[in-house]
Amino acid sequence: MTSVSVSPLARVNKHKRDWRGWKFMWPFALVLVFVFIVPIFAVCCLFPFVSMLINATKTQSDFTGAFGLGFGKTFALWDNIVTVFTYDDGIFARWLVNTLIYVVVGAGSATLLAIMGGYALAKFRFPGRKAVSAVIIGSISVPGIALAALFTIVATWNDCFLPLIMLKDSDWFPLTIGLNQWKDQASAAGGQAIQNLVITGSLITIIPLVIAFLCLQKYWQSGLAAGAVKE
């Protein structure tokens, strides 16, 4: 039995043909991603916001009687917003101020500690220090600080567990706990169902986060890019 030897030149030509085939398929792969996968991902991300926006325009009767993704008989968005800020002696505004205070103190402290830790780690001598120096230096630059601040702002703003176990007085609740209390009051004895106010309050709650993302967009994009680049 004899074996057929393949010359190195033939192997190189075969690899070139294989690469040309993959190179020819790349445009179709990109088209598949941007035409099908990206729109599906965008729909999944935008669907909760659109659903919340539609339901915030309904009265309580329309909320319970109309289709979830359909508008009610009455467009009550402005009335719902006014009622959110006046219901229960305007407690929602107090929750909003509490949340802002917790974000400034908590997220500000966490960002400051992250900057101090990054600076110390950049100065500390340890094996492999050069491999991470670029990332550490990037983390204490303006984009890195903005990225760390944005993550801690979102985490503090949406925090539910820690306030739930530490706070008992409703006057000190953040928005997450306060809206959850509104949601649960319908199941209490003699409680009033106000799901339309809960949805409207939730819509108002995410507006500051959207503004923060838009204002810090160029910084957090630069921060992500700096953390992904290896030098």
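Phe 92 is buried in this predicted model, with a relative accessibility of 0%. Its ring pairs up with that of Phe 85, and both belong to a cluster of linked rings. That cluster is a handy place to start looking around, and the points below work outwards from there.

**The ring cluster**

- Searching the whole structure turns up 4 aromatic pairs.
- One of them joins Phe 85 and Phe 92 in an edge-to-face arrangement, with 5.2 Å from centre to centre and 85° between the planes.
- Unlike buried Phe 92, Phe 85 is partly exposed, because its relative accessibility comes to 32%.
- Tyr 87 and Trp 182 also make an edge-to-face pair, since their planes stand at 90°, with the ring centres 5.3 Å apart.
- This second pair ties together distant parts of the chain: Tyr 87 belongs to the loop between α3 and α4 (91-123), Trp 182 belongs to helix α8 (residues 175-184), and 95 residues separate them.
- Trp 182 has a relative accessible area of just 2%, so it counts as buried.
- Put the ring pairs together and you get a cluster of Phe 85, Tyr 87, Phe 92, Trp 95 and Trp 182.

**A charge over a ring**

- Elsewhere, Arg 94 places its charged end over the ring of Trp 172, at 5.1 Å from the ring's centre.

**Where α3 meets α9**

- Helix α3 covers residues 77-86 and helix α9 covers residues 195-215; their axes cross at roughly 90° and come within 9 Å.
- That angle is why α3 is described as roughly perpendicular to α9.
- On the α3 side, the residues in contact are Asn 80, Ile 81, Thr 83, Val 84 and Phe 85.
- Facing them from α9 are Asn 196, Leu 197, Thr 200, Gly 201 and Ile 204.
- Sorted by type, the residues of this contact come out as 5 nonpolar, 5 polar and no charged.
- Phe 85 is worth a second look, as it takes part in this helix contact and in the ring cluster too.

**Thr 205 and its contacts**

- Thr 205 is another residue of helix α9.
- Thr 205 is buried, because its relative accessibility is 9%.
- Setting aside neighbours within four places in sequence, Thr 205 touches Phe 92, Trp 157, Leu 175 and Leu 179.
- So what does Phe 92 have around it? Its partners include the ring of Phe 85 and the residue Thr 205.

**Two aspartates with positive phi**

- Asp 88 sits in the loop between α3 and α4, and Asp 89 is found in that loop as well.
- Asp 88 isn't a glycine, yet its phi is positive, at about 55°.
- Asp 89, also a residue other than glycine, has a positive phi near 60°.
- How buried or exposed are they? Asp 88 is partly exposed, given its relative accessible area of 47%.
- Asp 89 has a relative accessible area of 81%, so it counts as exposed.

**The overall picture**

- The protein has 10 helices and 0 strands.
- Read from the N terminus, then, the elements go α-α-α-α-α-α-α-α-α-α.
- The protein has 231 residues, and 26% of them count as buried.
- Take the contacts between residues at least 6 apart in sequence: 60% of these join residues at least 24 apart.

Terms used:
Residues are numbered from 1 along each chain as its sequence is written. This is a predicted model: local features need pLDDT of at least 70, side-chain atom pairs count only at pLDDT 80 or more; totals for chains, interfaces and linings use all residues. Side-chain values use heavy atoms; hydrogens and water are left out. Axes are lines fitted to C-alpha atoms, for helices over the stretch in contact, and angles run from 0 to 180 degrees between N-to-C directions. Helices (H or I, at least four residues) and strands (E, at least two) are DSSP runs, numbered from the N terminus. Angles under 35 degrees count as roughly parallel, over 145 as roughly antiparallel, 65 to 115 as roughly perpendicular and the rest as oblique. Contact means heavy atoms within 4.5 Å. Ala, Val, Leu, Ile, Met, Phe, Trp, Tyr, Cys and Pro count as nonpolar, Asp, Glu, Lys and Arg as charged, and the others, Gly among them, as polar. Rings of Phe, Tyr and Trp (its six-membered ring) pair if their centres lie within 6.5 Å; planes under 30 degrees apart count as stacked, over 60 as edge-to-face and the rest as tilted. Buried means under 20% relative accessible area, exposed over 50%, partly exposed in between (1.4 Å probe, protein chains only). A charge sits over a ring if NZ of Lys or CZ of Arg is within 6 Å of the ring centre and within 35 degrees of the ring normal.
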